[in-house]
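Me: I'm new to this structure, so please pick one part of it and take me through it slowly. I'd like to see how that part sits in the whole.

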Amino acid sequence: MSERKISSSRKHQLKSLMLSIAKGILEEEDRERERERGRYMSETCPPLSMPRSMQELQELAREIHHKIDVIDEERYNLDMKVNKTNKEIDDLKIKVQDLMGKFKKPVLRKVRMSADAMLKALLGSKHTVNLDLRANLKQVKKEVKEEDKELRDVGDWRKNIEDKSGMDGRKKMFEAEA
């Protein structure tokens, strides 16, 4: 069916009818709230009877003080519950935000830190291993060959050539190799 248009007078009549029903419901809720409050007050706060003697007055003050302490305890417990649930709600909001992926990563600054310092920062006092990588390397001693040593020790190249020139020099070379 095609949509019917409601006339403005009919709209106004329906609106006023809905407002009058809502007003009646709100008034009924207010009356119910007042009855509930009166019932609660009659249960928790008996009618006050003014004592005639000083001892009765002191006893009444002790009772009121005790009731105040009990109510303060309840209020404190409720405050703690509310704070705890608020914290849980915040944590859950953060988890949801992380899962959604809309979390902006902050710009990280470059920090010069050794591996030991980094592990100490991450693990705290549990970190006792020293990561001195140079200490773990094997020590290799160089063996210097005598020929290399002779070549390094050669001072004047002309003297070296003169020693090797002629048959005596060649003979010395062959004897040194053998």
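Reply: Let's begin with what counts as a helix: a DSSP run of H or I that is at least four residues long, and these runs are numbered from the N terminus. A strand, by the same scheme, is a run of E with at least two residues. Read that way, the protein chain follows the pattern α-α-α-α-α-α-α, with seven helices and zero strands. Keep in mind that what you're looking at is a predicted model.

A quick word on the whole before we zoom in. The protein chain has 178 residues, and buried ones make up 1% of them. Its accessible surface comes to about 19,000 Å², with 57% of that belonging to carbon and sulfur atoms.

Now for the close look. Let's go with helix 1, which covers residues 8-44. A good place to start is Arg-31, since its side chain meets that of Glu-28 in a salt bridge, 2.7 Å from N to O. Both residues lie in helix 1, three residues apart, or about one turn of the helix. Arg-31 also forms a salt bridge with Glu-27, and there the closest N and O atoms are 3.9 Å apart. That pair still counts because the cut-off for a salt bridge is 4 Å. Glu-27 and Arg-31 are four residues apart in helix 1, so about one helical turn separates them.

How open are these three side chains to the outside? Arg-31 counts as partly exposed, at 44% relative accessibility. Glu-27 is partly exposed too, with a relative accessible area of 38%, and Glu-28 is partly exposed at 37%. The label fits because partly exposed is the range between 20% and 50%.

Step back a little and you'll find these contacts belong to a network of salt bridges, which links Glu-27, Glu-28, Arg-31, Glu-32 and Arg-35. For the structure, the count comes to ten salt bridges.

Helix 1 isn't just about charges, though. Look at Leu-14, Leu-17, Ile-21 and Ile-25: together with Ile-6 they make a nonpolar surface patch of about 440 Å². Ile-6 itself sits in the segment before helix 1, and it is partly exposed, with a relative accessible area of 47%.

Finally, follow helix 1 to where it shares something with helix 2. The second largest pocket has a volume of about 480 Å³. Helix 1 and helix 2 are the elements that give two or more residues to its lining. That lining has 16 residues, and Thr-44, Cys-45, Pro-46, Ile-64 and Lys-67 lie nearest the pocket's centre. Helix 2 gives the most, with seven residues. By type, the lining of this pocket divides into eleven nonpolar, two polar and three charged residues.

While you're over at helix 2, which covers residues 54-100, have a look at Glu-59 and Arg-62, three residues apart and separated by about one helical turn. They form a salt bridge as well, with the closest N and O atoms 3.4 Å apart. Glu-59 counts as partly exposed at 39% relative accessibility, while Arg-62, at 52%, counts as exposed. Arg-62 gets that label because exposed means over 50%.

Conventions
Residues numbered from 1 in each chain as written. Predicted model: local features only at pLDDT ≥ 70, side-chain atom pairs only at ≥ 80, totals over all residues. Heavy atoms only, no water. Buried < 20%, exposed > 50% of the residue type's maximum accessible area, 1.4 Å probe, protein only. 1 Å grid on protein atoms, 1.4 Å probe; cavity = no way out; pocket = protein on both sides within 12 Å on 5 of 7 lines; lining within 4 Å. Points joined across faces, edges and corners; volume = space filled by probe spheres on them. Nonpolar A, V, L, I, M, F, W, Y, C, P; charged D, E, K, R; others polar. Patch = residues over 30% accessible without salt bridge, like charges linked within 9 Å, V, L, I, M, F, W, Y side chains within 5 Å. Areas by Shrake-Rupley, 256 points an atom, 1.4 Å probe, with all protein chains shown as cover.
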